[in-house]
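User: Could you walk me through this model before I set anything up? I'd like the overall picture first, and then some local detail.

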Amino acid sequence: MARRGFPRAAALVAILFLVLAGVGAPARAQVEVRMWTLLSGGDGARMRALVDDFNASQHDVRVVSTTLRWGEPFYTKLITASVVGAGPDVATIHLSRIVNLAGGGVLRPIAPSELAAAGLSGADYLPRQWAKAQYEGKTYAVPLDVHPLVLYYNKTLAAKAGLLDADGNLKKIVGVDALTDAFRVATARTGRRGLTMESSQSSYAIWRLWLAMLAQQDVTIIRNGRFTYGPAGAATLARISDWFLRGYAQAGLDYPASTSQFMGGNAVFMLNGVWEVPELVRATKAGTLGFEYGIVPLPRMYANASTWADSHAFALPANPGHELSPEKVRAVLRFVAYVGKHSLVWAEGGHIPAYKAVAESAAAKNLMPNAMYAAAANDVVYDPDGWYMGAAGPLEAIASKFLPAALYGYMTPAQAVHKFESESARLIRKRPPRY
């Protein structure tokens, strides 16, 4: 009896072992997450690396990313697809578009319990960015970064102009007159342009700088469907146009021409977003830049140090009729949490991480050149709330059509602002669209 029972017992043990080892058990299906992104170039490469790293880190979720053309083409396709239930599971957006997208029914809110299941909460993010991700008391996005307007400078030329301190860094500039004087001196003493920035018609840069300078004066742009900046609008644009009309900066440069002017050593200062950091780092490592550079936050020209910024963020399209299952939401937020916790990789693109533990880490504080301007995150201002506002939004397009005309002298600053107001009036009084 004992001899006949032994094989049977051995077989039972073997079966039990196979079950415990998972052999013969049905494999759990991998959840596929479809993401649409507007990130291209270096940002696109870094996001692809984060997606690949996440996919390799586990086997439950696989993110498949599709890159669409930046700007209005991306948002038009996202809006159109999402409202008919054909959008992606997650999309990268700009926080400046939250009112437009959340208010228009394009995005679904993310519940606190859903965030908590992924180990996330609002306390994990920089407060200004988390606040911007809210709409009517609900969370509609998870911030990834902050990318502010900053001031780059060529240390070789700035030294020649007498603008560096004993440590070889830019002397502190406070006040719009002091900044104007720095551009004047830089131009006179180096024979190069004191400043370069994107300044052609259809340029967004002038709008961003104008908005920042008004915010530094505690002046609002729009309230209750009315423009509120008053005389400060034309006066502030006049300060900007003066830099161009006096020859400190060259009008009419498109984006590539303005960055090339700085990279080629033909301008002392450059006003631009932090997204140019990777190119400066690359050129420095390759030995092709030809000068040492520095970066500082936008100088305080008026009452405070406000600087324009925007933020990339992750959002969940509404997709009515094809809403995400709880399992898919968990998968999406698992990926979002992974990217936030590994956003030091993203910071290599010049961006300031929005995930607080990363932003405040020793590694981030020592990351160069980001450490030169990281304090700017405390002073950022976004485009004002409004369905017509935000990255590549209709009001920004109108501003880029008229404000640069003052730099050429084609219009006075007052005329340029008036044209901007006249064409924008129909937008700001229009009922917000529900897509």
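Analyst: What follows goes from the whole chain to its empty spaces and then to single residues.

User: Where do these coordinates come from, and how are residues numbered?

Analyst: This is a predicted model, in which local features need pLDDT of at least 70 and side-chain atom pairs count only at pLDDT 80 or more, while totals for chains, interfaces and linings use all residues. Residues are numbered from 1 along each chain as its sequence is written, and side-chain values use heavy atoms, with hydrogens and water left out.

User: OK, how many helices and strands?

Analyst: The protein chain has 19 helices and 16 strands, where helices (H or I, at least four residues) and strands (E, at least two) are DSSP runs numbered from the N terminus. Its C-alpha trace spans about 105 × 55 × 30 Å along the principal axes.

User: What share of the residues is buried?

Analyst: Of the 435 residues in the protein chain, 53% count as buried; buried means under 20% relative accessible area, exposed over 50%, and partly exposed in between, with a 1.4 Å probe and protein chains only. The accessible surface of the protein chain comes to about 19200 Å², and 55% of that belongs to carbon and sulfur atoms, with areas from the Shrake-Rupley method, a 1.4 Å probe, and for residues only the protein chains shown as cover.

User: And the contacts, how far apart in sequence are the partners?

Analyst: Taking contacts (heavy atoms within 4.5 Å) between residues at least 6 apart in sequence, 78% join residues at least 24 apart.

User: How far apart are the mean positions of the charges?

Analyst: The mean positions of the 44 positive and 33 negative charges are 3 Å apart. Lys and Arg count as positive and Asp and Glu as negative, with His and the chain ends not counted, and each charge is placed at NZ of Lys, CZ of Arg, CG of Asp or CD of Glu.

User: Switching to empty space: how much is in the largest pocket, and what lines it?

Analyst: The largest pocket holds about 680 Å³ of space and is lined by 25 residues, of which Asp-43, Trp-70, Arg-208, Tyr-255 and Trp-275 lie nearest its centre. Helix H2 (41-57), helix H12 (277-286) and strand E13 (307-310) each supply at least two lining residues, and H2 gives the most, with four residues.

User: What exactly counts as a pocket here, as against a cavity?

Analyst: On a 1 Å grid over the protein atoms alone, a cavity is a set of points where a 1.4 Å probe fits but cannot get out, whereas a pocket is an open set with protein on both sides within 12 Å along at least five of seven lines, and lining residues have an atom within 4 Å of a point. Grid points are joined across faces, edges and corners, and a volume is the space filled by probe spheres set on the points.

User: So how many cavities of 30 Å³ or more are there?

Analyst: The count is one, and the largest cavity contains about 40 Å³. Its lining is made of Leu-149, Glu-198, Ala-205, Arg-208, Tyr-255, Asn-272, Gly-273 and Trp-275, with helix H9 (205-216) and strand E11 (267-273) being the elements that give two or more residues.

User: Back to H2, is Arg-46 buried or exposed?

Analyst: Arg-46, which lies in helix H2, counts as buried because its relative accessibility is 15%. Not counting residues up to four places away in sequence, Arg-46 touches Pro-278, Val-345, Trp-346, Glu-348 and Gly-349.

User: Any odd backbone geometry I should know about?

Analyst: Most residues other than glycine have a negative phi, and most peptide bonds are trans. Here a cis peptide bond joins Met-368 and Pro-369, with omega about 5°, and Pro-369 lies in the loop between helix H16 (362-365) and strand E16 (380-381).

User: And which way does phi go at Glu-136 and Asn-319?

Analyst: Phi of Glu-136 is positive, near 50°, in the loop between strand E4 (134-135) and strand E5 (138-139), and Glu-136 counts as exposed at 68% relative accessibility. Asn-319 also has a positive phi, about 45°, but Asn-319 is buried, with a relative accessible area of 3%.

User: Last one: what does Lys-328 contact?

Analyst: Lys-328 sits in helix H13 (residues 326-341) and, leaving aside neighbours within four places in sequence, is in contact with Val-31, Glu-32, Val-33 and Asp-89. Lys-328 and Asp-89 are 239 residues apart in sequence, yet their C-alpha atoms are 8.0 Å apart in space.
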